[in-house]
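Let's take a walk through this structure together. Have the sequence and the 3D view ready, and follow along one stop at a time.

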Amino acid sequence: MNRHKSLFCISVCSKELSGLQCIAPLVRSVEESPEPVPTTVKGTIPAWVRGSLLRNGPGKFEFGNQTFNHWFDGMALMHRFQIADGHVTYSSRFLRSDSYNSNCELNRIVVTEFGTLALPDPCKNLFQRFLSRFERMKPTDNANVSFVKYKGDYYVSTETNFMHKVDPETLETKEKVDWSNFVAVNGATAHPHVDLDGTVYNMGNSYDRKGTSYNIISVPPEKDSPSDTLHGAKVLCSITPADKNRPSYYHSFAMSKNYVVFIEQPIKLDLFKIMTCKMRGKNICDGIYWDPNQDTLFHLVDKHNGKVTMQVKYHTRALATFHQINAFEQDGFLIVDMCCSDDGQAINNYFIQNLHKSGEALDKVYNSMGKAFPRRFVLPLNITSKTPLGQNLNTQSNSSATAVCLSKHKVFCTFEDLHGDDLLDYGGMEFPNIHYDRCNTRPYRYFYGCGFRHLVGDSLIKMDLEGKKLKTWCKPGFYPSEPIFVPSLDAEEEDDGVILSVVLTPTDDKSTFLLVLDAKTFEELGRAEVPVNIPYGFHGTFNSSS
């Protein structure tokens, strides 16, 4: 039954759309605004909302006459919406990364990014330019994905081994931090998880002569000195990929009370192609491919002893996931909720040339994309030699997910849709968020995200797991960013609070606003109109103040 429903979703979502609005102005270069800019508030922003919405994303797409090829390549632009007493100011700064500084100094792209290969120095002679193809390619420190927090300090991060400590008040770049100076990893995700005791968990790959390992990292919650950054970080455990020369790409991971959950998906990294991309004159993303013939695996790591559950592997069919919603343990099961699609080629759709298209060409790009939907997997934890084979082990009431033990070492799982048919009308959902401090690693009821009837989010959605009902905020021509939940000071219920989202429109100049929704009713309370242009960004967080 669940399989039939999944096929129905794919069929409905493949219905083509036409007449999509050109969104090129949402991915253009802008000027920074380092001094706070007053905004015009319409409606009411609750006085109890005090703090800063910090966001990150690409904000500069060219240097001189050279242009980045991919959305993910743009130089990091940090944003701050300071909220107090119902008023809002806006400021922004470019991250002064080595990549940004070098590109500015020479007025050309000199650092290779995900989808853009830096060309040899034109001042060199032909032989020198040829030899430069064989020089080792340095990873970028253009940390344009998210704001993260370690030991009370804010950092901006991407997926390489570099982060930058920043001042959350001024957005000034303070210190470059290299993960590889503390643990044996060549990068880390921009989506760590925080445990109840303040320990932060993350993941990073390591590469050596024996191949690749996926590494679970833990960072202690306290500083030993004022200059402490990632000191005390350690690799909790290493996981061997199914193919050491073709490990999986991952953007994030899940965490429950006792487990770190890594989803090894069939979006693959061809390490030979990536390592030789400069020599071959190809982009890094040329070495990333989707293999729909491989299963997706769930790896469970015990947070307390660092051991991987080697006795059993949890499989499901090929799927792609960038963001998990939540994970928790209940009655002998590990429940993993995540946004995922049946096609792992979405990254290829975000080349700048695609985002700048209009008319039928834009429609074609969108209609070729796999859509992401919220799904639940139920993994039985107590598999033994006596576990019966060939029958559904999921005894969770009102759950259509299945988990069938095929052998003493393999459980095959199918998912349950966490939505009704009405979500199909909004193009699925991505950028999920929950009431994190209250619900992360615990049973929960609500999550929030963006609907995607375009290449970027064009609606805000609140999902209620009781009855799988949704509420939406959607206005034609408006494109909201990732929703951030901020709980009210006296919150009693899970959805007592507000949703913050930055909304852009490509048709009007300087028409961005910070939207404030009542998280319970999903009705607009107010908006703060910003008199500067802001590009569409990725992720952020709320830094509360008293």
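Which residues are buried in helix H2 (residues 98-106)? They are Ser99, Tyr100 and Asn103. Keep in mind as you look around that this is a predicted model. Those three cover an arc of only 100 degrees around the axis, so they end up on the same side of H2. And what do the buried residues of H2 pack against? Their partners are strands: E3 (51-60), E4 (62-63), E6 and E7 (87-94). Step just past the end of H2 and you meet Asn107, which takes a positive phi of about 55 degrees.

Now for the rings. The structure holds 24 aromatic pairs. Take Phe72 and Phe538: their ring centres are 5.7 Å apart and their planes stand at 85 degrees, so this pair counts as edge-to-face. What's nice here is how the pair links distant parts of the chain, with the two positions 466 residues apart. Phe72 sits in the loop between strand E5 (66-67) and strand E6 (75-84), while Phe538 is in the loop between strand E36 (524-530) and strand E37 (539-544). Are the two buried or exposed? Phe538 is buried, because its relative accessible area is 8%, whereas Phe72 comes in at 28% and so counts as partly exposed. Both belong to a cluster, where ring pairs link them with Trp71, Phe114, Tyr350 and Tyr536.

Rings can have charged company too. The charged end of Lys60 sits over the ring of Phe63, 4.9 Å from its centre. Over at Phe415, Arg375 lies over the face of the ring, at 4.1 Å from the ring centre.

Next, drop in on Thr512, which is found in strand E35 (residues 512-518). With a relative accessibility of 5%, Thr512 counts as buried. What is it in contact with, once neighbours within four places in sequence are left aside? The list runs through Val502, Val503, Leu504, Ala528, Glu529, Val530, Val532 and Ile534.

Last stop: the cysteines. How many disulfides does a search of the whole structure find? Zero. Cys22 shows why: the closest cysteine sulfur, in Cys474, is 19 Å from its own, too far for a bond. Cys22 is also partly exposed, at 29% relative accessible area. For Cys340, the closest cysteine sulfur is that of Cys339, at 7.5 Å, and that is too far for a bond as well. Cys340 itself has 0% relative accessibility, so it counts as buried.

Key: Residues numbered from 1 in each chain as written. Predicted model: local features only at pLDDT ≥ 70, side-chain atom pairs only at ≥ 80, totals over all residues. Heavy atoms only, no water. Phe/Tyr/Trp six-rings, centres within 6.5 Å; stacked < 30°, edge-to-face > 60°. Helix = DSSP H or I, 4+ residues; strand = E, 2+ residues; numbered from the N terminus. Buried < 20%, exposed > 50% of the residue type's maximum accessible area, 1.4 Å probe, protein only. Lys NZ or Arg CZ within 6 Å of the ring centre and 35° of its normal. Contact = heavy atoms within 4.5 Å. Arc of directions from axis to C-beta. Disulfide = S-S within 2.5 Å.
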